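Work through the exercises below with the sequence and the model at hand. Each task is followed by a worked solution.

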Amino acid sequence: MKKLYLIAILIMASSDQMSKLYVNSLIDEGKSIEVSSFIKLVKVWNTGISFGMFSTLPYSDFFFSISSILIISILIYLIHKSNDKLTYFSLSLMLSGAIGNVADRIYWGAVYDFIYFHIGNWYWPAFNLADIYIACGTFILLYRWYIHDRFISK
């Protein structure tokens, strides 16, 4: 079963990297591609953490790369210790996203975000597939801890 998750992690991390390379090849700096009335493909280089926070810190690329590698190590440890399929799945999603974003930091010195979501005048900061994997893994883990364990498994 763990081999299946390892394959899924490799597929998700690869899909993140391939999507970034493909979209990056389509878009010129300062341009965008409208996918729908609420989604655009853009080119955003994020040198900080979520939403570009702390991007002006000195040596931020080095600091965030090392931090990401530490987080990846912790996730690998937690996956190894996990004996629950839902926890294992959520941690695998988070690990896939972390690998995708740290690969960007190591290769480009920043995370490449390209999905830009907006409704009317409300805009969400640009993100990528790795961010989606991390968010989904986090929500599944929160579900596991706060809903499944308390209400469903009893």
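The exercises cover the chain as a whole, one loop residue and one surface patch.

The model is predicted: local features need pLDDT of at least 70, side-chain atom pairs count only at pLDDT 80 or more, and totals for chains, interfaces and linings use all residues. Residues are numbered from 1 along each chain as its sequence is written, and side-chain values use heavy atoms, with hydrogens and water left out.

**Exercise 1.** Give the order of the elements along the chain.

Solution. Helices (H or I, at least four residues) and strands (E, at least two) are DSSP runs, numbered from the N terminus. The chain holds 4 helices and 4 strands. Read from the N terminus, the order is α-β-β-α-α-β-β-α.

**Exercise 2.** Place F38 and list what it touches.

Solution. Start with the location: F38 lies in the loop between β1 (33-34) and β2 (39-46). Next, take contact as heavy atoms within 4.5 Å. Leaving out residues up to four places away in sequence, F38 touches Y116, F117 and H118. Finally, the C-alpha atoms of F38 and G120 are 7.8 Å apart, although 82 residues separate them along the chain.

**Exercise 3.** Is F38 buried or exposed, or in between?

Solution. Buried means under 20% relative accessible area, exposed over 50%, and partly exposed in between (1.4 Å probe, protein chains only). The relative accessible area of F38 is 38%, so F38 is partly exposed.

**Exercise 4.** Where is I147, and how accessible is I147?

Solution. I147 belongs to helix α4 (residues 129-152). Its relative accessibility is 40%, so I147 counts as partly exposed.
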